[in-house]
Amino acid sequence: MKRYTAGARLYDVLSGERLVYRAGRVAGIAALRLGRGDIVLDLGCGTGLNLPLLLDRVGADGHVIGVDRSPSMLAVARDRVRSNGWSNVSLLEADVLSLDPAQITSITLREGGRPKVDAAFSTYAMSVFDDWMPAWTLIRDVVRPGGRAGIVDMALPTGAAAVFAPLARLACAAGGADLAARPWRALEREAADAEHTVHRGGHIHVVTGTLP
Ligand SMILES: C[S@@+](CC[C@H](N)C(=O)[O-])C[C@H]1O[C@@H](n2cnc3c(N)ncnc32)[C@H](O)[C@@H]1O
């Protein structure tokens, strides 16, 4: 928690976004195949780097719900929402691991008149959660049947890119990510149509699929 308090204002610059991590969020959001008017949940939304890309897909009639437990990261996300004049974003300060799905339902009912979200997405966050399984259970609880899920997360680079493994270890240690977590496994198990692509030498994994 502390690292995301002290580093929140510098996160977008120091996290390697441009060089490395933007590629994963762009690929993940494209593969999520969102529609206009969709409601999307972003778990561990951080400073809101996914927001412009998600809003671009769901349009003015859609809605994005970002959840993060760090007030400092959310403060940056709120600035982003304010400065862009977005009125279709809800930001919720909460621990994903103990979040009551009813809190998400109350937002979806208010913003879209329906009880479930159309898609859930998480980038570089589930490997940071102390345990990603409760986050997966939350996704299963709040996404409508036939809705979409996308998990973008990290592992050690492989093949020729394995030379960058020490750098990846360093970056993930700084962010508190567990490179062995592989949180996309649950989605691969449960979505019959799961698609899995790897980027940046195997460091970034993008898994998307339709939930039963
Ligand atoms: C590496 S950052 C990723 C942020 C953002 N998803 C992105 O792609 O830039 C991990 C985020 O997960 C959040 N986080 C970690 N544990 C959490 C939890 N249990 N509940 C909610 N958010 C959590 C942190 O506060 C941080 O903002």
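Me: I would like to learn to read this structure one residue at a time. What is the relative accessible area of Glu188?

Reply: A good place to start! Please keep in mind that this is a predicted model. A residue counts as buried under 20% relative accessible area and as exposed over 50%, with partly exposed in between. Glu188 has a relative accessible area of 33%, so Glu188 is partly exposed.

Me: Where along the chain is Glu188 placed, and which residues is Glu188 in contact with?

Reply: Glu188 belongs to helix α9. To look past the local stretch of chain, we set aside neighbours within four places in sequence; Glu188 is then in contact with Ala194, His196 and Val207. With His196 there is also a polar contact: the two side chains are joined at 2.5 Å.

Me: How many residues apart in sequence are Glu188 and Gly209?

Reply: They are 21 residues apart in sequence, while their C-alpha atoms are 7.6 Å apart in space. Reading both numbers together is a useful habit, and we can practise it on another residue. Ile104, in helix α6 (residues 101-112), is 37 residues along the chain from Asp141, and their C-alpha atoms are separated by 9.9 Å.

Me: Is Ile104 buried or exposed?

Reply: Use the cut-off again. Ile104 is at 1% relative accessibility, so it counts as buried. Its contacts help you to picture the surroundings: beyond residues up to four places away in sequence, Ile104 touches Leu41, Ile65, Val67, Leu92, Leu99, Val117 and Val142.

Me: Let me try a charged residue. Is Arg148 buried or exposed?

Reply: Arg148 has a relative accessible area of 9%, so it is buried. You will find Arg148 in strand β5 (residues 143-154). Its side chain reaches the backbone oxygen of Ala31 at 2.8 Å. Not counting neighbours within four places in sequence, the residues in contact with Arg148 include Ala31, Leu32, Arg33, Asp118, Asp193 and Thr208.

Me: Now a whole element. How many residues does helix α5 have, and what distance does it reach from its first C-alpha to its last?

Reply: For a helix, compare the end-to-end distance with the one expected at 1.5 Å a residue. Helix α5 runs over residues 71-84, which is 14 residues, and reaches 20 Å; that is close to the expected 20 Å. Just after α5 comes Gly85, with a positive phi near 70°.

Me: Which residues of α5 are buried, and which elements do they pack against?

Reply: The buried residues are Ser72, Met73, Leu74, Val76, Ala77, Arg80 and Val81. Their packing partners are helices α1 (2-6), α2 (11-14) and α4 (51-58), together with strands β2 (63-68) and β3 (89-93). Let us zoom in on Ser72, one of those buried residues. Setting aside residues up to four places away in sequence, Ser72 touches Tyr4, Thr5 and Ala8. The C-alpha atoms of Ser72 and Lys2 are 70 residues apart along the chain and 9.8 Å apart in space.

Me: You mentioned a positive phi at a glycine. Where does Arg182 lie, and what is its phi?

Reply: Arg182 has a positive phi near 45°, although this residue is not a glycine. It sits in the loop between α8 (165-175) and α9 (185-190). Arg182 has a relative accessible area of 34%, so it is partly exposed.

Me: And what is the phi of Arg200?

Reply: Phi of Arg200 is positive too, at about 50°, again in a residue other than glycine. Arg200 is in the loop between β6 (195-199) and β7 (204-210). With a relative accessible area of 43%, Arg200 is partly exposed.

Me: Last, the ligand. Which residues come nearest to it?

Reply: There are 20 residues around the ligand, and Tyr11, Arg25, Gly44, Asp68 and Thr123 come nearest. The shell divides into 12 nonpolar, 4 polar and 4 charged residues. Next, look at individual atoms. A ligand oxygen is 2.6 Å from an N or O atom in the side chain of Asp68. A ligand nitrogen is 2.7 Å from a polar backbone atom of Gly44, and a nitrogen of the ligand is 3.2 Å from a polar backbone atom of Arg69.

Me: How much of the ligand does the protein bury?

Reply: Begin with the ligand taken alone, when it exposes 600 Å²; the protein buries 98% of that.

Conventions
Residues are numbered from 1 along each chain as its sequence is written. This is a predicted model: local features need pLDDT of at least 70, side-chain atom pairs count only at pLDDT 80 or more; totals for chains, interfaces and linings use all residues. Side-chain values use heavy atoms; hydrogens and water are left out. A residue is near a molecule or strand if one of its heavy atoms lies within 4 Å of it. A polar contact is a pair of N or O atoms within 3.5 Å; within protein, one must be able to donate a hydrogen and the other to accept it, and residues adjacent in sequence count only if both atoms are side-chain atoms. Accessible areas come from the Shrake-Rupley method with a 1.4 Å probe; for residues, only the protein chains shown count as cover. Ala, Val, Leu, Ile, Met, Phe, Trp, Tyr, Cys and Pro count as nonpolar, Asp, Glu, Lys and Arg as charged, and the others, Gly among them, as polar. Helices (H or I, at least four residues) and strands (E, at least two) are DSSP runs, numbered from the N terminus. The expected span of a helix is 1.5 Å times one less than its number of residues. Buried means under 20% relative accessible area, exposed over 50%, partly exposed in between (1.4 Å probe, protein chains only). Contact means heavy atoms within 4.5 Å.
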